[in-house]
Amino acid sequence: MQMAAAMAPSGQVTDEVLIDIDRVTQVYASAGGAVRALDRVSMQARRGEFISIVGPSGCGKSTLMMIAAGLLPASDGTVRVGGRVVDRPQTDLGIVFQSPVLLEWRTALENVMLQAEARRLPAADAERRARSLLAAVGLAGFEHKYPHELSGGMRQRVSICRALVHTPPQLLMDEPFGALDALTRDQLVLDLQELWQSERMTVLFVTHSIAEAVFLSDRIIVMTPRPGRIAREIVVDLPRPRTLAMRDSAVFHAVSREITDFFLEQGVLRERAAGLSR
Ligand SMILES: Nc1ncnc2c1ncn2[C@@H]1O[C@H](COP(=O)(O)OP(=O)(O)O)[C@@H](O)[C@H]1O
Ligand SMILES: [Mg+2]
């Protein structure tokens, strides 16, 4: 439908670089002295690509998302989206955070429409799209429920729909499933894959979960402990759509293993508690 011209006919990732993060460094001033959160991070996302960013707590993942969204100016380096330097909050994107931040006095549909109203999109079209997004994530019939009537997983689904109602070419997600139980996460990961396959937005997906990253991504960016630098970029060569059974495949294991080994090497993971080693 939208952006058809920019897409390869098969809906594959194109070679066009949509997001270009070029040597981004972030230093925060804090009471205890300067904190270097990011150190010359460079990465690119092609249009339609699904990229996960995996790294230990505190390595600057959220900082990178804020800079990419134009919500925080970088201490150094540049972000370009579609060739334009990001120097102010971007409007042409969707963001999903760990907590869904819905307005309690608005229904699911009205929460999704919030974004459309703020952008003054034609109401009838926007509502049609909002309803179809809600249906796509299994919320048909829940349009008129209030947030307190929805489970955590459903609330997060609403916030994903809200982030997509204006059909942004890029979606930034910062640990969106971090607060959900394991089964709900599995379901949302499947729903997100389906949504991405039909919408083909470019996704930067921050997660702690190696399995989630492998399942969803075309490419995984692995970051070092603070100051966050990019340590590895791993292409996940599994066919789409991915199925839960693929988590048992050799490719899935090999990629998970590579990331796990890197975190062990970096001391992010320890196989034996120090006090218990003999
Ligand atoms: N506004 C801030 N002022 C000072 N330090 C900050 C600020 N925001 C984040 N930090 C520090 O920068 C580092 C990276 O933070 P963050 O981007 O939130 O990491 P992550 O999302 O990977 O856990 C952390 O050490 C954090 O404490
Ligand atoms: Mg974070």
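Select Pro-227. This residue lies in the loop between β9 (219-223) and β10 (230-235). You are looking at a predicted model. Now add Arg-226 to the selection. A cis peptide bond joins Arg-226 and Pro-227, with omega about -5°.

Next, go to Pro-241. This proline sits in the loop between β10 and α7 (250-265). Which residue does a cis peptide bond join to Pro-241? Select Arg-240: the bond between Arg-240 and Pro-241 is cis, and omega is about -10°. Why stop at such bonds? Most peptide bonds are trans.

**The six-stranded sheet**

Select the strands on either side of that first loop, β9 and β10. Both belong to an open sheet of six strands. Trace the order across the sheet: β6-β7-β8-β3-β9-β10. The pairing is mixed. Which strands are at the edges? They are β6 (93-96) and β10, and each pairs on one side only. Turn the sheet and follow the twist, which averages 15° from one strand to the next.

Stay on the sheet and select α7. This helix packs on the sheet, touching β3, β9 and β10. Compare directions: that of α7 makes about 175° with that of β10.

Now pick out strand β3 (residues 50-54) and strand β8 (residues 202-207). Do they run parallel or antiparallel? They run parallel, and five bridges join them. To see one pairing, select Phe-50: its bridge partner in β8 is Val-203.

As you look along any regular strand, remember one general rule. The side chains alternate between the two faces of the sheet.

**Strands β1, β2 and β4**

Select residues 17-30 for β1 and 33-46 for β2. How many bridges pair β1 with β2? There are 10, and the pairing is antiparallel. Together β1 and β2 form a hairpin, with two residues between them.

Select Ser-30, which stands opposite Gly-33 in β2. Then move to Gln-26. Its bridge partner in β2 is Leu-38.

β1 has another partner to find. Select strand β4 (residues 76-81), which runs antiparallel to β1 and is joined to β1 by five bridges. Highlight Ile-21 and you will find it opposite Val-79 in β4.

**Two residues with positive phi**

While you are on β1, select Arg-23, which lies in that strand. Its phi is near 45°, a positive value in a residue other than glycine. Most residues other than glycine have a negative phi. Is Arg-23 buried, exposed or partly exposed? Arg-23 has 13 other C-beta atoms within 10 Å, so it is partly exposed.

Jump to Arg-120. You are now in the loop between α2 (108-118) and α3 (123-136). Phi of Arg-120 is near 55°, which is also positive in a residue other than glycine. Arg-120 counts as exposed because it has 8 C-beta neighbours inside 10 Å.

**Around ligand 1**

Select ligand 1. How many residues surround ligand 1? There are 13, and the closest are Tyr-28, Ala-37, Lys-61, Ser-62 and Thr-63. Show β1, β2 and α1 (61-68) together: these are the elements that give two or more residues to the shell. Which element gives the most? The answer is α1, with three residues.

Try colouring the shell by residue class. The shell around ligand 1 has four nonpolar, seven polar and two charged residues.

**Two domains**

Zoom out and colour the chain by domain. Domain 1 covers 18-92 + 170-268, and domain 2 covers 99-168. How far apart are the C-alpha centres of domain 1 and domain 2? They lie 24 Å apart.

Now highlight the contact between the domains. Domain 1 supplies 15 residues to the contact and domain 2 supplies 11 residues. On the side of domain 1 that touches domain 2, select β7 (170-174) and α5 (182-199), which each supply at least two residues. Which of the elements gives the most to this side? It is α5, with seven residues.

Finish by colouring this side of domain 1 by class. You should find eight nonpolar, three polar and four charged residues.

Conventions. Residues are numbered from 1 along each chain as its sequence is written. Chains are lettered from A and ligands numbered from 1 in the order in which they are written. This is a predicted model: local features need pLDDT of at least 70, side-chain atom pairs count only at pLDDT 80 or more; totals for chains, interfaces and linings use all residues. A residue is near a molecule or strand if its C-beta atom, placed from the backbone, lies within 6 Å of it. Helices (H or I, at least four residues) and strands (E, at least two) are DSSP runs, numbered from the N terminus. Ala, Val, Leu, Ile, Met, Phe, Trp, Tyr, Cys and Pro count as nonpolar, Asp, Glu, Lys and Arg as charged, and the others, Gly among them, as polar. Domain bounds come from an automatic or database domain assignment. Two residues are in contact if their C-beta atoms, placed from the backbone, lie within 7 Å. A residue is buried if 20 or more other C-beta atoms lie within 10 Å of its own, exposed if 12 or fewer, and partly exposed in between; C-beta atoms are placed from the backbone. Two strands pair if DSSP finds at least two bridges between them. Axes are lines fitted to C-alpha atoms, for helices over the stretch in contact, and angles run from 0 to 180 degrees between N-to-C directions.
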